[in-house]
Amino acid sequence: MKTVRAELGDLAWLLRMLMLAAIGGAIYREMRLPPEERTWRGRLLGVVPYDFRLPTPRRVLDAYWNPERDNLFADQPFGVGWAVNLPVLLRSLGTLSRRSGGEETVKKAAGKKG
């Protein structure tokens, strides 16, 4: 009988292998293209996004902090998979209003201290 810790270790191993397979698949997909057609970004199997271009601050910010969007998940700014849009996560948890973009939460926290 496996312990919970051993089962979680197996799950972590499986997730690592899936991530490595996705990275390998994305690189393989790009390497099959002629060099002038390689963009190093796209979707694996039409679903999983990948982007191996050097990330810009704008792309990182858009992926992780974009209060104007309603999508919880955005394409990773670098690598394979999705990023979590933190303002949407905080709104869904009820700690951030859509209108304020974070200022209201900061003001409430400052008001509680003083």
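How many Å should the 28 residues of helix H1 (residues 4-31) span at 1.5 Å a residue, and how far apart are its end C-alpha atoms? The expected span, taken as 1.5 Å times one less than the number of residues, is 40 Å for H1, and the end C-alpha atoms are 40 Å apart, which agrees.

The model is predicted, and for this reason local features need pLDDT of at least 70 and side-chain atom pairs count only at pLDDT 80 or more, whereas totals for chains, interfaces and linings use all residues. Residues are numbered from 1 along each chain as its sequence is written, and side-chain values use heavy atoms, with hydrogens and water left out.

The protein chain contains 4 helices and 5 strands, where helices (H or I, at least four residues) and strands (E, at least two) are DSSP runs numbered from the N terminus. Along the sequence these elements follow the pattern α-β-β-α-β-β-β-α-α. Of the 114 residues in the chain, 21% are buried; a residue is called buried under 20% relative accessible area, exposed over 50%, and partly exposed in between, with a 1.4 Å probe and protein chains only. Contact is taken as heavy atoms within 4.5 Å, and among contacts between residues at least 6 apart in sequence, 30% join residues at least 24 apart.

The buried residues of H1 are Ala-22, Ala-26 and Glu-30, and they pack against strand S1 (41-44), strand S2 (48-51) and strand S4 (79-80). Ala-22 and Ala-26 also belong to the largest nonpolar core, which has 5 residues and is completed by Leu-44, Tyr-50 and Val-80; such a core is a set of buried Ala, Val, Leu, Ile, Met, Phe, Trp, Tyr and Cys residues joined through side-chain atoms within 4.5 Å. When neighbours within four places in sequence are left aside, Val-80 is in contact with Met-19, Ala-22, Ile-23, Val-48, Pro-49, Tyr-50 and Phe-52.

The chain exposes about 8600 Å², of which carbon and sulfur atoms supply 65%; accessible areas come from the Shrake-Rupley method with a 1.4 Å probe, and for residues only the protein chains shown count as cover. A nonpolar surface patch of about 950 Å² includes Leu-61, Trp-82, Val-84 and Leu-89. Patches consist of residues with over 30% relative accessible area and no salt bridge, like charges being joined within 9 Å and nonpolar side chains (Val, Leu, Ile, Met, Phe, Trp, Tyr) within 5 Å, and a salt bridge is a side-chain nitrogen of Lys or Arg within 4 Å of a carboxyl oxygen of Asp or Glu. Helix H2 (57-64), strand S5 (82-84) and H3 each supply at least two residues of the nonpolar patch.

Within this patch, Leu-89 lies in helix H3 (residues 86-93) and counts as partly exposed at 30% relative accessibility. Beyond residues up to four places away in sequence, Leu-89 touches Leu-72 and Val-84. Leu-61, in helix H2, is likewise partly exposed, because its relative accessibility is 40%. Leu-61 is touched by Asn-66, which also touches Asn-85 and Pro-87 when residues up to four places away in sequence are not counted. Asn-66 lies in the loop between H2 and strand S3 (73-75) and counts as buried at 10% relative accessibility.

Two loop residues have a positive phi although neither is a glycine, namely Trp-40 at about 60° and Leu-45 at about 55°. Trp-40, in the loop between H1 and S1, is partly exposed at 28% relative accessibility, whereas Leu-45, in the loop between S1 and S2, is exposed with a relative accessible area of 83%.
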